[in-house]
Amino acid sequence: TMAELRRWPVRPLLEDDESFSSWFARTAWVNGLRPSDLYRAVEPGQDRDPGDLDRYADDDLLDRVAEAADVDLEKLRQTTFRRWSGSVFGEDDGVHKLPWLHPTGRQNGKRCYGQQVCPQCLAAPGVPYLRLTWRLAFVTVCPMHGNQLVDRCPVCNEPINILRQDSHDGIACWACGYDLRQASPCVPPVDPLPTQQELLRTVSQGWAPMGEYGPVYSFIAFALLAHLNRLLACGRHAHALRAWVSAHEPKLAIRPESIPRAREGA
């Protein structure tokens, strides 16, 4: 049929929790293309750089890709940030920053470290791929291996950007080619897993308890948490707030000066 003729020769299956960017890059590679080449094929006349497809893949693009790859359209939507619309954030206008879903690659000349990976997961038997959950900024540790996620190339410090990777072997730094499976594991200074799992439960159930106020929608709770995070990371009183937290919460008793002050919450 005509529909079969329009389908791509090789169509890899979606892996569990795989992000759209990861699957799109793998699809390009197995068909002998770079991700940018495949992007130009499905979006003629668009910029050579696909950008952050986990956030910006629109309905028309997803529809064309779903038909060409013979993938269920709704499954494909769930590989993008649409999965968290109404839970992690309210609505995405495509312009403003999303709480806990930071940009990746380069934007306006700035390095953005929104893509994280677990080197041990990538090195495990099977197909190496990126999990969409690794895009959540409050997911900082791999629940399987207990090590901190890596958000940049340990050799050249460039952000991880699979859509700019030309190498077809595994997941590598797009700039210097370093195989991210070789990155050394790093143990976190505190154990964030209980809080991380609690936040993931909040995402799945769609609400969070707010003391005497009662339950609130989860995206409101995450917006409040992002505001507190900014105050601790880069507010005028960030150092004093960190000192107070360290004094009142033994599990977070880290010297405030040991954490670099950020220019912005992300």
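A search of the whole structure, which is a predicted model, turns up 17 salt bridges. Side chains of opposite charge can pair when their charged atoms come close. One such pair is Asp17 with Arg83, whose closest N and O atoms are 2.8 Å apart. The same kind of search for disulfides gives 0, and a search for enclosed space gives 1 cavity of 30 Å³ or more. The points below take these topics in turn and then visit a few single residues.

**Salt bridges**

- Asp17 sits in the loop between helix H1 (2–5) and helix H2 (20–30), while Arg83 belongs to the loop between helix H6 (73–77) and strand S1 (104–107), so their salt bridge ties together parts that are 66 residues apart in sequence.
- Arg83 is partly exposed, and its relative accessible area is 27%.
- Arg34 and Asp37 also join their side chains in a salt bridge, with 3.2 Å from N to O.
- The two partners of that pair sit on either side of the 20% cut-off for being buried: Arg34 is partly exposed at 28% relative accessibility, whereas Asp37 is buried at 18%.
- Another salt bridge links Asp59 and Arg77, and here the closest N and O atoms are 3.8 Å apart.
- Asp59 is part of helix H5 (residues 59–69) and Arg77 is part of helix H6, so this pair ties together parts that are 18 residues apart in sequence.
- Both ends of this bridge count as partly exposed: Asp59 has a relative accessibility of 41%, and Arg77 has 25%.
- The Asp59 and Arg77 pair also belongs to a network, in which salt bridges with shared partners join Asp59, Glu74, Arg77 and Arg82.

**Cysteines**

- How many disulfides does the search of the whole structure find? The count is 0.
- For Cys121, the nearest cysteine sulfur is that of Cys118, at 3.6 Å. A disulfide needs the two sulfur atoms within 2.5 Å, so Cys121 is in no disulfide.
- Cys153 is likewise in no disulfide, and its nearest cysteine sulfur, belonging to Cys176, is 3.6 Å away.
- Are Cys121 and Cys153 buried or exposed? Cys121 is buried, with a relative accessible area of 11%, and Cys153 is buried as well, with 2%.

**The cavity**

- Rolling a probe the size of a water molecule over the atoms shows where empty space is left.
- In this model the count comes to 1 cavity of 30 Å³ or more, and the largest cavity has a volume of about 70 Å³.
- Which residues line the largest cavity? The lining is made up of Ser21, Gly51, Asp52, Asp54, Thr104, Gln115, Arg135, Ile160, Asn161, Ile162 and Leu163.
- Sorted by type, the lining residues comprise 3 nonpolar, 5 polar and 3 charged.
- Asp52, one of the lining residues, is found in the loop between helix H3 (35–42) and helix H4 (53–56).
- Asp52 is buried, at 7% relative accessibility.
- The side chain of Asp52 makes a polar contact of 2.9 Å with the side chain of Arg135, and Arg135 is also among the residues that line the largest cavity.

**A histidine in a loop**

- Where is His145? His145 lies in the loop between helix H7 (119–123) and helix H8 (193–205).
- His145 counts as partly exposed, with 29% relative accessibility.
- Between His145 and Gln107 there are 31 Å in space, taken from C-alpha to C-alpha, and the two residues are 38 apart in sequence.

**Positive phi angles**

- Asp70 is not a glycine, yet Asp70 has a positive phi of about 55°.
- Asp70 is located in the loop between H5 and H6 and is partly exposed, at 46% relative accessibility.
- Trp100 is another residue other than glycine with a positive phi, in this case near 70°.
- Trp100 belongs to the loop between H6 and S1.
- Is Trp100 buried or exposed? Trp100 is buried, with a relative accessible area of 9%.

Conventions:
Residues are numbered from 1 along each chain as its sequence is written. This is a predicted model: local features need pLDDT of at least 70, side-chain atom pairs count only at pLDDT 80 or more; totals for chains, interfaces and linings use all residues. Side-chain values use heavy atoms; hydrogens and water are left out. A salt bridge is a side-chain nitrogen of Lys or Arg within 4 Å of a carboxyl oxygen of Asp or Glu. Helices (H or I, at least four residues) and strands (E, at least two) are DSSP runs, numbered from the N terminus. Buried means under 20% relative accessible area, exposed over 50%, partly exposed in between (1.4 Å probe, protein chains only). On a 1 Å grid over the protein atoms alone, a cavity is a set of points where a 1.4 Å probe fits but cannot get out, and a pocket is an open set with protein on both sides within 12 Å along at least five of seven lines; lining residues have an atom within 4 Å of a point. Grid points are joined across faces, edges and corners, and a volume is the space filled by probe spheres set on the points. Ala, Val, Leu, Ile, Met, Phe, Trp, Tyr, Cys and Pro count as nonpolar, Asp, Glu, Lys and Arg as charged, and the others, Gly among them, as polar. A polar contact is a pair of N or O atoms within 3.5 Å; within protein, one must be able to donate a hydrogen and the other to accept it, and residues adjacent in sequence count only if both atoms are side-chain atoms.
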